[in-house]
Structure formats: structure tokens, C-alpha cells
Amino acid sequence: MTTVHEPITAAAELAVWPASTTEPRPGDLTVGGVPLAEAAERFGTPVYLLDEAEVRDRCRTYRDAFPDADIVYAAKAFLCRAMAHWTAEEGLGLDVCSAGELELAVTTGFPAERIVLHGNAKSPRDLDTALRLGVGRVVIDSPSEIARLAAAVGPDGHQKVMVRVVPGISAGGHEKIRTGTDDQKFGLSIADGYAQHAITRILDQPQLELTGLHCHLGSQITSVKPYLGAVRRLVGLMARLHEQHGLVLPELDLGGGHGIAYRPGEPALDLTALARKVRAELADACTTAGLPVPRLIIEPGRAIAGPAGIAVYRVLSVKRTGEYVFVAVDGGMSDNPRPALYGVRYAPRLIGRHSTADRARVTVVGRHCEAGDTLAADAELPADVRPGDLLAVPVAGAYHLSMASGYNLVGRPPVVAVRDGSARLLVRRESLEDIRSRDVGL
């Protein structure tokens with residue numbers, strides 16, 4: 001075990017936690033006025049807590065930064081009925097990728113006209129559901145979708161669409177989440193002319209109304225520069241479309257992918273700088289091209305949900321193997337596959353008791369039968385961490401439960417909303433009965 005002799009300050013530790021986080025007594029953290037240890041006892045572990053005020057504040061921050069844009073929450077980061085309700089109340093739109101996400105949102109009361117349907121391979125059910133419920137936009141991702149969608153709409157129907165284009169810009173925190181280049185599955189390339197060809201085909205379908213261009217560069221982007229490059233290339237395409245077809249598109253969707261800090265000291269995208277520079281770049285590019293400035297659409301997901309979520313686990317065992325210390329908890333890759341997929345790192349914290357022991361570097365691992373089931377490599381925890389302790393992992397609101405699996409049939413954890421000192425269950429724990437009830441064959 002490696003001892004850490006210079007712990008970071010308490011204030012620095014809490015920099016990536018929700019703004020409502022307090023420590024009324026050493027070791028006893030509260031979020032949204034709810035003691036985390038009490039929530040763990042009440043709801044069991046693992047448990048995910050979602051700070052409602054943090055979600056709403058982040059929605060408002062985006063609306064304030066982009067007052068003249070449409071802010072569309074990317075539901076793939078995390079979606080439940082409450083999340084759809086909160087974002088709707090804060091005036092955001094919703095970006096969905098399946099009939100399931102769409103149905104959940106609309107049946108919760110989310111206005112269908114404020115929903116955008118994405119997906120590189122939309123199923124017939126996806127498109128039929130979108131048309132039946134009246135989604136605001138369908139983002140065309142491949143040429144074959146054009147005829148399929150037009151046929152589904154029918155000769156007397158009408159559907160607003162956008163085209164997802166690939167601007168040829170590499171950005172993102174990991175190669176598996178970079179989507180702005182030609183070597184991945186999303187969108188239609190500007191460079192090889194596929195985007196222009198698809199747009200020409202759309203214009204030949206009178207029941208499809210092309211409202212704008214869409215691009216998404218990737219995820220965990222912490223620099224403004226790639227977005228400015230995307231603006232220039234998309235406006236360049238808009239200028240060519242105007243020359244060829246007399247087309248003036250009223251919307252430009254720059255997607256999301258805004259990077260956040262998962263551990264103290266990590267970089268995050270400067271939202272204020274992004275808004276200021278993107279608006280300036282868009283205005284300049286449109287002036288040069290002789291085009292009116294289109295309405296921006298921004299699609300944050302992780303940046304809204306991620307920092308609002310806390311995962312709480314209970315330590316099951318502590319094992320020393322040579323120079324390594326493995327702290328095993330009662331969750332793992334079935335509720336958070338991101339470390340296994342992308343090698344991401346977190347900063348877990350001991351809660352529920354105060355330790356005066358020196359901090360040590362440990363590896364927090366899950367309970368699953370997989371060597372890659374690591375939740376936090378090279379984490380700093382008190383050297384006396386022991387079975388029965390509680391560990392809380394901040395920045396756990398995005399791409400944890402939305403990517404959860406049924407591995408080892410342990411069941412997915414519950415989601416609990418916290419606000420103003422109260423906690424309420426949003427999504428119940430997946431039970432063994434839930435798992436058994438789906439297994440109908442013999």
C-alpha cells in the first residue's frame with residue numbers, strides 16, 4: 001500500500017460534488033440536505049442519488065449562457081420520468097435515440113414538439129413511434145432513412161428533419177467517443193459529398209421539411225476550438241447549399257459533448273467562453289457567406305446530469321495482493337461500465353465515519369466476475385478502510401445507469417432524488433423477481 005502524505009484540502013475534494021454538498025461533521029456528507037449515510041441505510045446499497053436542484057441549476061446555466069438558442073437535453077446520459085419532468089419545466093428540449101426513450105418522455109408529459117429523434121440505425125418502430133407521437137425533428141443519419149421516413153410519413157404528411165453531417169474534426173476524451181471524423185458510424189461526410197447528396201434527395205421529398213444541419217463532435221470535449229471549426233465547416237456547407245438550391249436553413253445544431261471534471265483539478269469546458277466564441281464565429285461566418293444567422297441548438301447531456309449524481313456503495317472486502325490494495329464494493333461494472341469501456345477515473349470518498357488514518361492509494365473494484373471490473377483505479381482513501389464502510393462516488397449521474405447491464409443478475413440500483421432535506425425514490429431497485437419474470441422459457 002502506498003501512503004499519501006499530503007492530502008488535498010476538503011474544499012478541493014468537494015469541487016466536483018453538487019453545490020448543495022456540505023460536511024456538517026467530519027466524514028458525514030450531505031447532498032441536497034440529505035445525509036448520504038442515512039440514504040444508504042434507508043434505500044440500501046448500491047444506490048444512486050440525484051440532486052434535483054443541481055440538475056435544474058445546470059439547465060438554467062445553459063439557458064443563461066445561450067439565451068437565443070434552443071437547449072436540448074441528451075436523454076442518453078440518463079433518463080427517467082422525473083428527469084424528463086425537470087428538464088421540461090426548465091424549458092429544455094429533449095434528444096432521444098429510441099422509441100423507448102421517446103415513449104417514456106411523452107407519456108410523462110414532455111411536449112413531443114420539443115423532442116429530437118437521433119440514431120444511426122433507427123428501427124421501423126423508432127420512426128413509427130416518432131411520427132405517431134409528433135416529434136419536432138428527426139435527424140437523418142443515412143441516405144436509406146430518407147425514403148423510409150418519407151414513406152412512413154405518407155404523401156399527405158409532414159415531418160421536419162435535420163441532417164447529421166460529419167465535419168471531419170477529431171475531438172473527445174477517448175477514441176470510442178469521438179464522432180466528428182469519417183472513420184466512425186455516425187452522420188454523412190461533408191468531404192466526400194455524401195451530405196450534399198442526401199440533402200438533395202431530401203429536397204425532392206415534399207413531405208420532409210429540412211430545417212437545418214446537425215453535427216456532434218464527440219464527448220468529454222474540454223476545448224472550445226473544435227466547436228469553432230465545426231461552425232466554419234457547417235456554415236461553408238450551408239453556403240454551398242444556398243448557391244446550389246437557393247436554400248436558407250434556419251437551424252444549426254452543434255450537438256453536445258461538453259466535458260466535465262470527474263476528479264478535482266481536471267479540466268472542464270468553459271461554457272461561458274463556448275457561448276461567446278461560438279456566437280461570434282457563427283455571426284462572422286454567416287456574414288462572410290451572405291447568410292442570415294441560423295438559430296443554434298445545443299445538446300448537453302453529461303454536463304447536466306453527470307455532476308448531479310452520486311453513487312453510494314458498501315465495502316465488502318479489502319484485499320492486499322503484493323503492493324496492491326483492492327477495495328471491493330457491492331456494485332461495479334453492471335451499474336457503471338465506463339471505467340471498463342474507457343478507462344475513466346473517479347475520486348471516491350469514505351462517508352459515514354471520520355477516519356484520522358493516513359490516505360493510501362487503493363483500487364476500488366466491483367463484485368463482478370471480470371478482471372476489468374474496476375470502479376476507481378489509483379484512488380485515495382483512508383488506510384483503515386474496512387468491510388462495512390460506505391464509499392460515495394461523485395459525478396455519477398451520466399452514463400452509469402443509462403448503460404447498466406444485467407451482468408451476474410445482480411439487479412440495477414435504485415435512483416433517489418434529494419432536495420431540501422428530503423429524499424424520494426424515483427426508480428426502484430431491480431429485484432430478483434423482475435429478473436425471473438422475464439425468463440419465460442424452459
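This report looks at the cavities of a predicted model and at its helix 7.

Residues are numbered from 1 along each chain as its sequence is written. Because the model is predicted, local features need pLDDT of at least 70 and side-chain atom pairs pLDDT 80 or more, while totals for chains, interfaces and linings use all residues.

Let's start with the holes. There are four cavities of 30 Å³ or more. A cavity here is a set of points on a 1 Å grid over the protein atoms alone where a 1.4 Å probe fits but cannot get out, and lining residues have an atom within 4 Å of a point. Volume is the space filled by probe spheres set on the points, which are joined across faces, edges and corners.

| Cavity | Volume | Nonpolar | Polar | Charged |
|---|---|---|---|---|
| Largest | about 110 Å³ | four residues | six residues | four residues |
| Second largest | about 70 Å³ | seven residues | three residues | no residues |

In these classes, Gly counts as polar and Tyr as nonpolar. The largest cavity has 14 lining residues, and Gly-256, Gly-257, Gly-301, Arg-302 and Tyr-399 are the closest to its centre. For the second largest, strand 5 (residues 47-51) gives the most to the lining, with three residues; the full lining includes Tyr-48, Phe-78, His-400 and Val-415.

Now for helix 7 (residues 143-153), a DSSP run of H or I with at least four residues. Its buried residues (under 20% relative accessible area, 1.4 Å probe, protein chains only) are Glu-145, Ile-146, Leu-149, Ala-150 and Val-153. They fall within an arc of 125° seen down the helix axis, so they line one face; the arc uses directions from the axis to the C-beta atoms. Helix 6 (124-133) and strand 10 (159-166) are among the elements that cover them. Just after helix 7, Gly-154 takes a positive phi of about 90°.

Definitions and conventions: Side-chain values use heavy atoms; hydrogens and water are left out. On a 1 Å grid over the protein atoms alone, a cavity is a set of points where a 1.4 Å probe fits but cannot get out, and a pocket is an open set with protein on both sides within 12 Å along at least five of seven lines; lining residues have an atom within 4 Å of a point. Helices (H or I, at least four residues) and strands (E, at least two) are DSSP runs, numbered from the N terminus. Buried means under 20% relative accessible area, exposed over 50%, partly exposed in between (1.4 Å probe, protein chains only). Contact means heavy atoms within 4.5 Å.
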